[in-house]
Amino acid sequence: MSENEKKLREAFASGLSLPEADINEDLQYATSQGWDSIAHMALIASLDSTFDIMIDTDDVIDLSSYPKAREILTKYGIQF
Amino acid sequence: MIILEGTIGWITGASRGIGRATAVEAARQGASLILSARTVEGLEETALEIEQISGARSRIIACDVGDQNSLKAAFKEVIGHTKKLDFLVNNAGILRDAILGMISGTQIEEVMRTNLFSVIHTMQFASRLMMTHKSGSIVNVASIIGRTGNEGQVVYGASKAAVLGATKSAARELAPHGIRVNAVAPGVIDTSMIANIPTPKMQDLMRSIKMGRLGKPEEVAKVICMLASSYTSYVTGQVVGVDGGMWL
């Protein structure tokens, strides 16, 4: 697992207040437990802070799953 | 009593009037500040005044809050400067008076972009920074006109009424994250914004102020600083009138 993948998992765990063991490729906004609209904003704040970026609002809306988060972060120069 | 010791705050529209008075008062109360306005000229004067009072150096950002690209660039500069934001004061605003039949589409867009859209965008941004620390305070500067309305101020009144709605809705959303959102609604304050009010209208206004005098920018600034500080740690979603009893 790359360093950034590890950081992504940690950011998800912290933002969604879930144990790291529960972070997986199947995580989806609104359907996975713990990932509601309030947690979503905490997740974005966590990703911003972890990767030292500012995710655009359009991407905040698009970020609907764990794999999608990886794809979006790539746009900000984060390599996995 | 120093109520903002060790805090970092961002004040928009800080080059004059209520914004400048708020910046000076916040610095006096111990805050480190990021100051923004359309041009750096007035900001430099505010920053100098702060330095003379508290010795603190403020970060200056030229930003037109009505222009989304300018605002985005400002956000990036704020993030580059600090990873922590304790309070945000949304003060930037414009006044474009016109009677209902004489309001142009351009005027509506300009006022709404500056007075309302910018407030929503800066709250979006600031709340993300504040969420990482699970605390923060946002103070939006509305107006008594957003509560009572006024002839010739349909657009301005609408924009400020909308700020009150945005404040209350954001307060509900952000409370679980430990972030408070409040507004002040100044009455007739002695700033350049009232310079063009015709004398008969001014006399009418004076008669409606129960305390019988204009407010000072410093009097609004003190309320804003109180709301920004932990002295009001259990206050959110409120609109505080600073109007000498105009709205009772």
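1. pLDDT is the predictor's confidence in each residue, from 0 to 100. For chain B the mean pLDDT is 96, and 100% of its residues reach 70 or more. The complex as a whole gets an ipTM of 0.82 and a pTM of 0.94 from the predictor.

2. Some housekeeping: this is a predicted model, where local features need pLDDT of at least 70 and side-chain atom pairs count only at pLDDT 80 or more, while totals for chains, interfaces and linings use all residues. Residues are numbered from 1 along each chain as its sequence is written, and chains are lettered from A in the order in which they are written.

3. Now the sheet in chain B. Seven strands (DSSP E runs of at least two residues, numbered from the N terminus) make an open, parallel sheet in the order β3-β2-β1-β4-β5-β6-β7. Strands pair if DSSP finds at least two bridges between them. β3 (59-62) and β7 (239-242) of chain B each have a single partner strand, so one side of each has no neighbour in the sheet.

4. Look at one edge: β6 (residues 179-186) of chain B pairs with β7(B) in the parallel sense over four bridges. One residue to find there is V184(B), whose bridge partner in β7(B) is V240(B).

5. Where does V111(B) lie? You'll find V111(B) in helix α4 (residues 105-131) of chain B; helices are DSSP H or I runs of at least four residues. V111(B) counts as buried because it has 24 C-beta neighbours inside 10 Å (buried means 20 or more, exposed 12 or fewer, partly exposed in between, with C-beta atoms placed from the backbone).
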